[in-house]
Amino acid sequence: MTPMRPPSTDEARIARAWEVLGTVLDPEVPALSVCDLGIVREVVPQPEGLEIVLTPTYSGCPATEVIERSVLDAVEAAGLGPAHVTLRRAPAWTTDWISADGKRKLRDYGIAPPGAPALPGGAVPIRLVRRQAAQPVPCPHCGSARTEQLSAFGATACKSLYRCLDCREPFEHFKPL
Amino acid sequence: MQASIELDRRPEVQYLLRLGDTCLILAQRLGEWCGHAPILEEDIAMSNMALDLLGQARALLTRAGEIEGRAHDEDQLAFLREERDYFNPTLVELPRGDFAFSVLRNAMVATLLKLMWERLESSSDAEVAAIAGKAIKEARYHQQHAADWVVRLGDGTEESRSRMEAALAQLWRYVPELFTADAVDEAARASGLGPAWSDLREAWFGEMGAVLDEATLAIPADTAFMSTGKRGVHSEHMGYILAEMQHLQRAYPGGAW
């Protein structure tokens with residue numbers, strides 16, 4: 001593949017950068033690009049190169065550093081470099097930033113997408129002996145709402161583990177946050 | 001052997017390290033459960049919570065280093081301080097105990113952190129407010145999960161109840177320290193950096209009281225014992241944690257994965 005000629009205007013560079021970022025996948029949920037996840041907040045042309053502003057998902061997400069590296073590699077490979085990444089913590093990332101397309105991709109991948117957080121800002125009243133989610137989590141395989149939580153935590157910080165009581169398939173749920 | 005760093009113990013630095021060290025040391029204790037929890041789901045839960053806490057600690061230590069102004073980064077602050085320069089309350093450094101002990105401590109600390117992050121969202125320091133905006137969501141989830149276990153075990157079988165009662169008797173003696181007032185907290189409250197820990201006391205007792213009530217457990221009577229970790233004077237357990245945490249960086253300065 002021959003590299004494309006670098007775009008000449010800032011506007012074209014930014015547009016091309018967004019295109020490229022749309023192909024950078026989350027290493028832990030490879031069904032989604034970093035744009036689908038909503039963690040790319042801005043692409044800003046700076047004198048020293050493109051600034052890519054990312055908002056981390058979880059404080060301790062071990063994928064954050066890998067994502068930074070992949071984003072820079074992709075942008076530089078597309079001939080748009082040099083680039084650098086800035087982390088922006090506020091406002092905090094929320095699963096509301098996952099695009100509608102991203103939610104569909106999650107479901108197709110077998111992960112139940114997050115619903116809306118229970119209250120604005122994700123605040124929840126402390127509920128003791130919670131055996132079921134506040135809102136049912138539909139099974140991504142058969143669509144049944146008869147599901148139960150197996151584990152509040154899953155293989156990554158952003159997911160919990162469920163089981164469908166109809167089709168009996170276990171599945172992961174992207175926690176609303 | 002890498003020498004220790006010399007810390008500027010200004011109140012605002014100590015204030016942020018108290019919180020950062022609370023997250024860091026509890027993360028270390030929770031990480032010890034990896035491969036040892038009674039069921040796989042809880043093994044994963046403990047590790048997940050440890051990761052969240054570690055991420056929060058990294059952000060706070062980084063900010064503390066910036067405010068300190070001696071070019072100490074998160075790694076130097078985590079690995080190259082002397083024991084007396086760690087300011088976590090003694091509660092979080094106690095050995096992990098059994099599962100009941102760990103989940104009760106998690107409920108106590110998560111409740112404290114949740115209340116702390118809620119207040120820190122309006123910190124006069126924009127970076128601290130941003131860290132809090134993220135961490136609050138994680139702390140709520142941790143509190144919910146831990147409280148759920150306290151109720152299940154407390155209001156459970158004879159065995160689980162006796163374990164929970166024993167844990168409560170051991171841990172409750174470390175509560176008074178959490179809410180002691182001092183000049184570090186006073187300065188933070190005055191500057192708007194964050195609340196005094198004593199400001200959270202009433203809300204903490206309200207929430208923990210509700211959890212223990214539901215678990216049919218009684219709050220133990222007060223004792224005269226007062227721990228002092230927040231002042232840098234730790235229990236005998238702290239040195240062992242630090243030895244484990246620090247030996248690699250001390251022996252191989254700057255070593256990276």
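Two strands count as paired here if DSSP finds at least two bridges between them. Strand 1 and strand 2 (residues 49-54) of chain A clear that bar with six bridges, running in the antiparallel sense. Within that pairing, E42(A) sits across from V53(A) of strand 2. All of this is read off a predicted model, so a quick word on confidence comes next.

The predictor assigns the complex an ipTM of 0.81 and a pTM of 0.91. For chain B, the pLDDT averages 96, and 100% of the residues score at least 70.

Back to chain A and its sheets. Strands 1, 2 and 3 build an open sheet in the order 1-2-3, with mixed pairing. Strand 1 (40-46) and strand 3 are the edge strands, each with a single partner, so one side of each has no neighbour in the sheet. On average, and ignoring direction, neighbouring strands of this sheet are turned by 25 degrees against each other. Two helices of chain A pack on this sheet. Helix 1 (residues 10-21) touches strand 1 and strand 2, and its direction makes about 145 degrees with that of strand 1. Helix 3 (residues 63-77) touches strand 2 and strand 3, with its direction at about 150 degrees to that of strand 3.

After strand 3 (83-87) of chain A comes a loop that runs to helix 4 (100-109), and P91(A) lies in that loop. The peptide bond joining A90(A) and P91(A) is cis, with omega at about -5 degrees.

Chain A has another open sheet, this one of four strands in the order 4-7-6-5, and its pairing is mixed as well. Strand 4 (111-112) and strand 5 take the edges; each has a single partner strand, so one side of each is left without a neighbour in the sheet. Going through the pairs from the strand 5 end, strand 5 (residues 147-151) and strand 6 (residues 159-164) of chain A run antiparallel and are joined by four bridges. Two facing pairs help to place this ladder: S151(A) stands opposite L161(A) of strand 6, and E148(A) stands opposite R163(A) of strand 6. Strand 6 then pairs with strand 7 (residues 170-174) of chain A, antiparallel, over five bridges. Here Y162(A) faces F171(A) of strand 7. Strands 6 and 7 of chain A also make a hairpin with five residues between them, and R168(A) in the turn has a positive phi of about 70 degrees.

A positive phi turns up in chain B too: A71(B) has one of about 60 degrees, despite not being a glycine. This alanine, A71(B), is found in the loop between helix 2 (40-68) and helix 3 (74-79) of chain B.

For chain B, the helix packing around helix 4 is worth a look. As a general point, two packed helices are described by the angle between their axes and the distance between the axes. Helix 4 (residues 99-120) and helix 6 (residues 158-171) of chain B pack at an angle of about 55 degrees, their axes 8 Å apart. That angle makes helix 4 of chain B oblique to helix 6 of chain B, and the crossing of the two is right-handed. Helix 4 of chain B brings A100(B), F101(B), L104(B), R105(B) and M108(B) to the contact, while helix 6 of chain B brings S160(B), R163(B), M164(B), A167(B), L168(B), Q170(B) and L171(B). By class, the residues of this contact between helix 4 and helix 6 of chain B divide into eight nonpolar, two polar and two charged.

Helix 4 of chain B also packs with helix 5 (residues 126-154) of chain B, at an angle of about 150 degrees and with the axes 7 Å apart. Angles over 145 degrees count as roughly antiparallel, which means helix 4 of chain B is roughly antiparallel to helix 5 of chain B. The crossing of helix 4 and helix 5 of chain B is left-handed. The residues of their contact divide into 19 nonpolar, four polar and three charged.

Lastly, the two chains meet through 23 residues of chain A in contact with 28 residues of chain B. On the chain A side, the residues that touch chain B comprise 16 nonpolar, five polar and two charged.

Terms used. Residues are numbered from 1 along each chain as its sequence is written. Chains are lettered from A and ligands numbered from 1 in the order in which they are written. This is a predicted model: local features need pLDDT of at least 70, side-chain atom pairs count only at pLDDT 80 or more; totals for chains, interfaces and linings use all residues. pLDDT is the predictor's confidence in each residue, from 0 to 100. Axes are lines fitted to C-alpha atoms, for helices over the stretch in contact, and angles run from 0 to 180 degrees between N-to-C directions. Angles under 35 degrees count as roughly parallel, over 145 as roughly antiparallel, 65 to 115 as roughly perpendicular and the rest as oblique. A crossing is left-handed if the near helix is turned anticlockwise from the far one by less than a right angle, and right-handed if clockwise. Two residues are in contact if their C-beta atoms, placed from the backbone, lie within 7 Å. Ala, Val, Leu, Ile, Met, Phe, Trp, Tyr, Cys and Pro count as nonpolar, Asp, Glu, Lys and Arg as charged, and the others, Gly among them, as polar.
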